[in-house]
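User: I'd like to talk through the packing in this one. Can you take my questions in turn?

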Amino acid sequence: MAMLSPKFDDLTIGHDFLFKKVMRNPRICKHLLEEVLQAPIAEISYPEIEKTIDVFYDSRGVRLDVIVADEKHTHYNLEMQVKNTTNPKTGQHVLPKRTRYYQAMLDVDALQKGQNFDLLPATYIIFICAFDFFGEGNYIYTFKKRCLETPELEFPDETTIILLNTTGTHGSISPDIKSFFEYVNQHTVTSDFTKQIDKEIFHIKSDQKARLEYMSLETYVQDNRYEAYAEGEAKGLAKGLAKGVAKGLAEGEANEKFATVKRMLRRGKSSLAEIAEDTELPLDTIKRIQAEMQAV
């Protein structure tokens, strides 16, 4: 049976929905980046938040939680990761190659047709992990490409991957990052920075529109997941339980998003861009569904 989603009032900074909402506050997002990088940033802009990038029709789309750019056109992708997910088929952890894929999709999306490769912006993929992926106890793991034969020789492609380990025990981090880690782990306010975050979360949870966004999305997602499980189990009796459940889940997850889109369109309280953002579907798909509904 599908797991129940947490109630809106019980959401923490570790939840995808609330994390992206908090990072929409430019002061909080900018300060977090500055503290991680230990470098000042004049200003940031938001090209898109929780953007879904689909390069080819038959390729896997990528949903990116938060993308921001600074005054130097450097792009930052911020992701919250509370579980060290593994592929049940292979037993392999997905985080390393997920960062690789995210980097590739960012680059493909940033470069327009006919542009030179040297116009690609510098990028930082930053995962905030509530676990120690490498088990070394570091607060921060920073990765750049280096030459094996000459380790001090760095490959100048201007890409950086940073894993923040909120359970770390050693390394050099700022007091605000340490307090942020404590906030992620224990939800305790120990600094002015986490006080700002906690205040922002209070405002988000007091916002009826945000509450309705979460409830409308999660309620219909959960309902359709139950239907998917039931359908999968029924097919499993005839064609094999494992195969039936898998097929039922796949169909259910596809249908649940279209059902959510139609509900939100009928209500007319959200723009097409907001619906695309909340359902993780391309804007063109939302427009097509709207056209089909209007034609009926």
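Analyst: Sure. First, a term: contact here means heavy atoms within 4.5 Å. Also keep in mind that this is a predicted model.

User: Which residues is Ile 13 in contact with, leaving aside its neighbours within four places in sequence?

Analyst: Ile 13 belongs to the largest nonpolar core, which has 36 residues, and is one of the four that touch the most other members, along with Val 22, Met 23 and Ile 197. With the sequence neighbours within four places left out, its contacts are Leu 18, Phe 19, Val 22, Met 80, Tyr 183, Val 184, Ile 197 and Ile 201.

User: How many residues are in the other core that lies apart from it?

Analyst: That separate core includes Phe 127, Cys 129, Tyr 141 and Leu 163. Its residue count is 10.

User: Is Tyr 76 buried or exposed?

Analyst: Tyr 76 sits in strand β3, residues 75-81, where seven of the seven residues are buried. It points the same way from β3 as Leu 78 and Met 80, while His 75, Asn 77, Glu 79 and Gln 81 point the other way. The cut-off for buried is under 20% relative accessible area. At 4% relative accessibility, Tyr 76 therefore counts as buried.

User: Which residue in β4 stands opposite Leu 78?

Analyst: Strand β4 covers residues 123-129 and runs parallel to β3, with seven bridges joining the two. Across from Leu 78 in that pairing is Ile 126.

User: What kind of pair do the rings of Tyr 76 and Tyr 124 make?

Analyst: It's one of 11 aromatic pairs in the structure, and it links β3 to β4 across 48 residues of chain. Tyr 124 is partly exposed, at 22% relative accessible area. The ring centres are 5.3 Å apart and the planes sit at 20°; since planes under 30 degrees apart count as stacked, the pair is stacked.

User: Which residues do ring pairs link into a cluster?

Analyst: This one is a straight list of aromatics joined through ring pairs. The cluster is Phe 133, Phe 134, Tyr 141 and Phe 143.

User: What arc do the buried residues of α9 fall within?

Analyst: Helix α9 spans residues 283-295, and its end C-alpha atoms are 19 Å apart, which agrees with the 18 Å expected at 1.5 Å a residue. Thr 285, Ile 286 and Ile 289 are buried in α9, whereas Asp 284, Gln 294 and Ala 295 are exposed on the other side. Seen down the axis, the buried ones line one face of the helix because they fall within an arc of 100°.

Methods. Residues numbered from 1 in each chain as written. Predicted model: local features only at pLDDT ≥ 70, side-chain atom pairs only at ≥ 80, totals over all residues. Heavy atoms only, no water. Helix = DSSP H or I, 4+ residues; strand = E, 2+ residues; numbered from the N terminus. Expected span 1.5 Å × (residues − 1). Buried < 20%, exposed > 50% of the residue type's maximum accessible area, 1.4 Å probe, protein only. Arc of directions from axis to C-beta. Pairing = 2+ DSSP bridges. Core = buried A, V, L, I, M, F, W, Y, C linked by side-chain atoms within 4.5 Å. Phe/Tyr/Trp six-rings, centres within 6.5 Å; stacked < 30°, edge-to-face > 60°.
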